[in-house]
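Subject: Structure for you to look at

Hello,

Here is the structure I promised to pass on. Please open it alongside this email.

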Amino acid sequence: MSAAESSHPLPERFAEAGQGQVFAFWSQLSEEGRRALLEQAAEINLDEVARLVRTLLGRGAAPAVTLNDLEPASYVPRPESGGEAAAWARARAAGEEALRAGKVAAFTVAGGQGTRLGYDGRKGTFPVTPLKRKPLFQVFAEKIKAAGQRYGRPLHWFIMTSHANHAATEAFFAAHRCFGLDAARVHFFRQGRMPAVDFDGRILLESKGVIAMSPDGHGGSLRALHRSGALDLMKSEGVDTVSYFQVDNPVVRCVDPEFIGWHRLQGAEMSAKMVSKAYPEEKLGHFCRQHGRLVVIEYSDLPLALQREIDPQTGRLRYGSGSIAIHILDRDFIGRMAAEPREGAAGPVLPFHRADKKIATVDAAGNPVQPGRPNGAKFEMFVFDALPFARNGLVIETQRADDFSPVKNAEGMDSPQTAREDQLRQYVRWLRSVGAPVATDASGLPAFDLEVAPRFGYDEVSFAASWEKLTPKPAIADGLYLE
């Protein structure tokens with residue numbers, strides 16, 4: 001052990017906080033192991049952990065969610081649902097103006113692995129398109145590049161990784177030369193982590209020299225943007241509007257001028273897209289109003305009776321506005337929400353949530369323990385919890401087919417198969433919108449594979465513009481690839 005490490009203040013600080021067990025096996029660690037443990041410990045805000053233990057684990061802890069004074073939130077309907085077409089046109093124009101002015105950046109939350117997909121790799125590298133088998137990251141890169149070309153201003157793209165996949169993600173982009181994007185405009189940074197604790201609030205060790213740490217949730221992305229210097233870079237580049245989306249959704253319009261325009265015209269600090277729930281128990285959060293503020297209530301927190309409640313006037317689900325994790329946020333609002341949660345903090349504070357888990361750990365002798373039932377808690381934040389703090393929080397409707405087909409499960413709903421089929425249906429709709437005949441089955445699927453590269457069209461409007469210039473028009477047949 002070096003002299004610097006032997007006198008390091010962290011072990012003493014942890015002991016004073018009642019967390020001395022973190023360094024219980026210090027004498028058994030190598031010099032490299034001690035350095036690694038100190039680096040992990042340095043990530044931990046002990047005051048924050050103490051507050052969370054007291055407020056989320058302690059006796060009399062307030063419930064995470066209350067349902068009093070709850071009602072469905074309003075939203076801006078699409079023209080197809082009775083919304084005002086002229087207002088949507090004004091929103092598109094405003095969004096396009098912001099894109100031409102370089103005011104917009106894309107932001108992808110990409111910390112996940114492909115475990116649930118049965119895929120040994122980072123989720124963003126999962127091959128997802130019907131014909132070319134492009135990985136998710138390439139799909140987004142091509143959409144972002146195409147939007148930059150369409151509006152004459154290349155966009156910055158911010159990608160939040162995790163400690164587990166950061167180096168591999170950077171290497172993947174380097175190997176593919178950022179899929180044609182300017183590498184100086186593609187920015188990677190790590191998500192924050194939080195220590196897991198037992199039910200007495202003691203920080204758990206995964207092994208003798210490794211703290212049981214886990215990502216701090218997608219809400220931690222706001223802190224990560226601040227800590228990484230991304231917000232400062234945005235400010236220096238004149239970016240004030242951030243388009244947030246998650247890495248598992250290949251059909252997302254990650255640069256949507258209508259959404260951007262609605263957000264800016266309404267003076268909103270945070271906006272969200274909604275889809276109508278397909279059925280009452282669909283696992284989507286619900287946009288609601290509570291105490292006059294816009295909130296999202298998770299499906300696990302809303303009683304089934306309310307999820308199934310029918311609005312007598314419309315005949316539709318009363319709580320039918322589903323959250324699909326697509327947002328627009330103001331840069332300055334992110335900065336305010338990035339404040340470290342602490343006792344007596346001024347201004348808005350994004351709350352943590354408790355999740356009881358089975359956490360691999362070690363016993364007092366350092367022997368591995370694989371619990372058969374939850375033995376501790378992890379702490380995470382949700383990005384939608386920022387909505388109640390946003391001025392003029394806004395929800396707009398989107399068509400599920402145009403924005404939401406996530407790849408989460410190996411089979412069944414939200415799987416590679418459903419995402420592939422939804423992409424094919426989208427291409428068919430675009431082709432039919434320009435008068436190209438495509439035969440399909442009753443579900444809208446063609447009998448063959450085809451694919452549209454984002455450079456040709458990343459939404460119906462850009463597709464139509466490219467198709468108009470195409471001479472001669474290609475035959476619509478198996479293996480058609482438009483680029």
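Below are some notes on one helix, the nonpolar cores and one pair of helices.

This is a predicted model, in which local features need pLDDT of at least 70 and side-chain atom pairs count only at pLDDT 80 or more, while totals for chains, interfaces and linings use all residues. Residues are numbered from 1 along each chain as its sequence is written, and side-chain values use heavy atoms, with hydrogens and water left out.

Helix α4 covers residues 46-57 (helices are DSSP runs of H or I, at least four residues, and strands are runs of E, at least two, numbered from the N terminus). Its 12 residues should span 16 Å at 1.5 Å a residue, and the end C-alpha atoms are 15 Å apart, which agrees. The expected span is 1.5 Å times one less than the number of residues. At the N-terminal end, Asn45 caps α4, with a side-chain oxygen 3.1 Å from the backbone nitrogen of Asp47. The buried residues of α4 (under 20% relative accessible area, 1.4 Å probe, protein chains only) include Leu46, Val49 and Leu52.

The largest nonpolar core (buried Ala, Val, Leu, Ile, Met, Phe, Trp, Tyr and Cys residues joined through side-chain atoms within 4.5 Å) has 62 residues. Helix α4 gives the most to this core, with 6 residues. Apart from it lies another core, of 50 residues, among them Trp157 and Ile326.

Finally, α5 (residues 85-100) and α10 (residues 257-265) pack at about 95 degrees, their axes 6 Å apart (axes are lines fitted to C-alpha atoms over the stretch in contact, and angles run from 0 to 180 degrees between N-to-C directions). That makes α5 roughly perpendicular to α10 (65 to 115 degrees).

Regards

How values were computed
A polar contact is a pair of N or O atoms within 3.5 Å; within protein, one must be able to donate a hydrogen and the other to accept it, and residues adjacent in sequence count only if both atoms are side-chain atoms. Angles under 35 degrees count as roughly parallel, over 145 as roughly antiparallel, 65 to 115 as roughly perpendicular and the rest as oblique.
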